[in-house]
Amino acid sequence: MGTAVATARIDEVASPSAKPRAELHLGSLQASKKRILFVTSELADLVKVGGLGDVSAALPKALSSRHDIRVLIPGYRQVLEAGLPIRIIGQVGGLAALPPCRIGRLDLPDGLIVYLLICPELYEREGTPYGDGHGHDWPDNHIRFARLGLAAAEIAAGTACISWCPELVHANDWPAALAPAYMAWRGLRTPTVFTIHNLAYQGICDLQSSPELALPPEALSHEALEFYGKLSFLKGGIAYASHVTTVSETYAQEITTADFGCGLEGMLQGKVAEGQLSGITNGIDESWEPGSDPHLVEGFGVHQWQGKRANAEHVQQLFQLDDVDGPLFAVVSRLVQQKGIDLTREVAEHIVAEGGRIAVIGQGEPELEQAMVELGERHPGRIGVQIGFNETDARRIYAGSDFLLMPSRFEPCGLSQMYAQCFGSLPIARRTGGLADTIEDGVTGFLFDDPTVDSYLDALQRALAVYHHPQLFDAMRCKAMASPLYWEESVAPYDELYLRLLGDVREVGGQD
Ligand code: ADP
Ligand code: GLC
């Protein structure tokens, strides 16, 4: 699988048994900060499928002034080939069907330290972190991500030949969910946080896989991973973490109900009763600044719409849209059921009839991709569709558009609406999860209640009415741009949680 190329940049500077000097040095220098291991399956800039990647890059960066926080991700091919030097600093042995791995370290240009779990047979493949990129998940995902969880537990236990040892482990979503579980089964007392970014993806596998993953008998109980005769990784994260968070306050309430709980609502209600579930709304990275973002065709600020127009003209050309007056709508989204793409398809005819144009960028489920392509073919010059994703185009679309369409059926937090607001594009979104928490209806965007075409059209009509009143439209754009929810301002609840779990009474935000 091309491992010779992929691993060519890896330097074996330390034998696993030797103590890595740089690690020790850093450890002593940063003794006053808490050591946190952030375990995730995506990291923006290196590998991202959606918002988890953005959060996994931006949150540790924002926390790094307060804590010695390091990220653990699988060594996917695109990560190993990113051109950044990698040093081998440790290793973990094999267990059951989980193969042995080496642990590499790379330092991102912004200073974030990333540990890579290097195992060519599991991670060095063409495709996304989860599948072949054509709608098929990898059949051995339970092995790939149990391996990630177990490696985190071994780093926490100090058995990965790395001298740096976390005081707290923060695992994210189902791919990292077994980290708290393996830690508990090994009797580790290190506190753990498990963050649910999306309850709908649970990492389900057959109960018969249990010996492959070296699960102890207790793992198979209903209080642990067992879920309707299968194993749910996500359930393991919820069961064993010291504290569970999710990415907005509204979603934290929603997931305790049958409508949003994906069968786990009872267990989550139990967590609430024990004070072990909370919602912490995501922030965004400070690179989302329309005056200085190097991705944009031209920068702009509040009331400086010339730069915004330049981005709109670029998007118009890129998507071969007609040069006509009228609002430009954007869809920047994974093309999956969650995102209400079918609803947008229904209201698209109406948008076109009202003189609007739509630029769509994203990828996901093959049927929804196809539906979007057909929509574009039905309305050449009015609806442009790009299947795929690239960050520069995405940012220019947020910047050039007047409105962002985000009719999600559920939305744990959502970052796209915050990016759009920052760039003066007003979201038209469903009142659910983080969308309800980050959009002020009629002030910084438009919200509708029901996942129906009628409810959506109602918000759309209100948006069009505002568009035709330039003063009002300007006022809303300026308001949306005025107070971006950057992580710097929203990181405190995580800091507070870490310190509480660590039994540290230090005042939140204070430095030692
Ligand atoms: P989700 O994580 O559910 O996709 P968010 O709104 O939290 O939704 O995050 C979306 C992020 O992912 C944004 O940075 C957006 O630009 C990006 N994005 C959207 N579609 C894709 C895609 N197909 N591939 C990669 N990133 C995407
Ligand atoms: C998930 C959710 C999204 C959230 C993102 C980052 O992918 O679908 O709503 O913003 O994770 O937390």
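Here a student and a tutor talk through two ligand sites and the domains around them in a predicted model.

Tutor: Ground rules first. In this predicted model, local features need pLDDT of at least 70, side-chain atom pairs count only at pLDDT 80 or more, and totals for chains, interfaces and linings use all residues. Residues are numbered from 1 along each chain as its sequence is written, chains are lettered from A and ligands numbered from 1 in the order in which they are written, and side-chain values use heavy atoms, with hydrogens and water left out.

Student: What makes a residue part of the surroundings of ligand 1, and how many residues surround ligand 1?

Tutor: A residue is near a molecule if one of its heavy atoms lies within 4 Å of it. For ligand 1, 18 residues surround it. Gly51, Asp54, Arg334, Lys339 and Leu415 are the closest.

Student: What makes the pair between arginine 334 and ligand 1 a polar contact?

Tutor: A polar contact is a pair of N or O atoms within 3.5 Å; within protein, one must be able to donate a hydrogen and the other to accept it, and residues adjacent in sequence count only if both atoms are side-chain atoms. A polar side-chain atom of arginine 334 is 2.7 Å from an oxygen atom of ligand 1. Lysine 339 also places a polar side-chain atom 2.7 Å from an oxygen atom of ligand 1. For valine 49, a backbone N or O atom is 3.4 Å from a nitrogen atom of the ligand. The three pairs therefore qualify.

Student: How much of ligand 1 does the protein cover?

Tutor: On its own, ligand 1 has 560 Å² of accessible area, and the protein covers 93% of that. The areas come from the Shrake-Rupley method with a 1.4 Å probe; for residues, only the protein chains shown count as cover.

Student: How do the residues of the shell around ligand 1 divide?

Tutor: Into seven nonpolar, six polar and five charged. Ala, Val, Leu, Ile, Met, Phe, Trp, Tyr, Cys and Pro count as nonpolar, Asp, Glu, Lys and Arg as charged, and the others, Gly among them, as polar.

Student: Why is ligand 2 said to lie between domain 1 and domain 2?

Tutor: Domain 1 (2-23 + 31-284 + 489-503) and domain 2 (306-485) both give residues to its shell, so ligand 2 lies between them. The bounds come from an automatic or database domain assignment. The shell around ligand 1 also draws at least three residues from each domain.

Student: Which residues come nearest to ligand 2, and which polar contacts are there?

Tutor: Of 14 residues around ligand 2, His197, Asn282, Glu411, Cys413 and Gly414 come nearest. A side-chain N or O atom of histidine 197 is 2.7 Å from an oxygen atom of ligand 2. For asparagine 198, the corresponding distance is 3.3 Å. Proline 412 uses a backbone N or O atom, 3.5 Å from a ligand oxygen. The protein buries 94% of the 310 Å² that ligand 2 exposes alone.

Student: How many residues of domain 1 and domain 2 are in contact?

Tutor: Contact means heavy atoms within 4.5 Å. By that rule, 25 residues of domain 1 are in contact with 23 residues of domain 2. The domain centres, taken over C-alpha atoms, are 32 Å apart.
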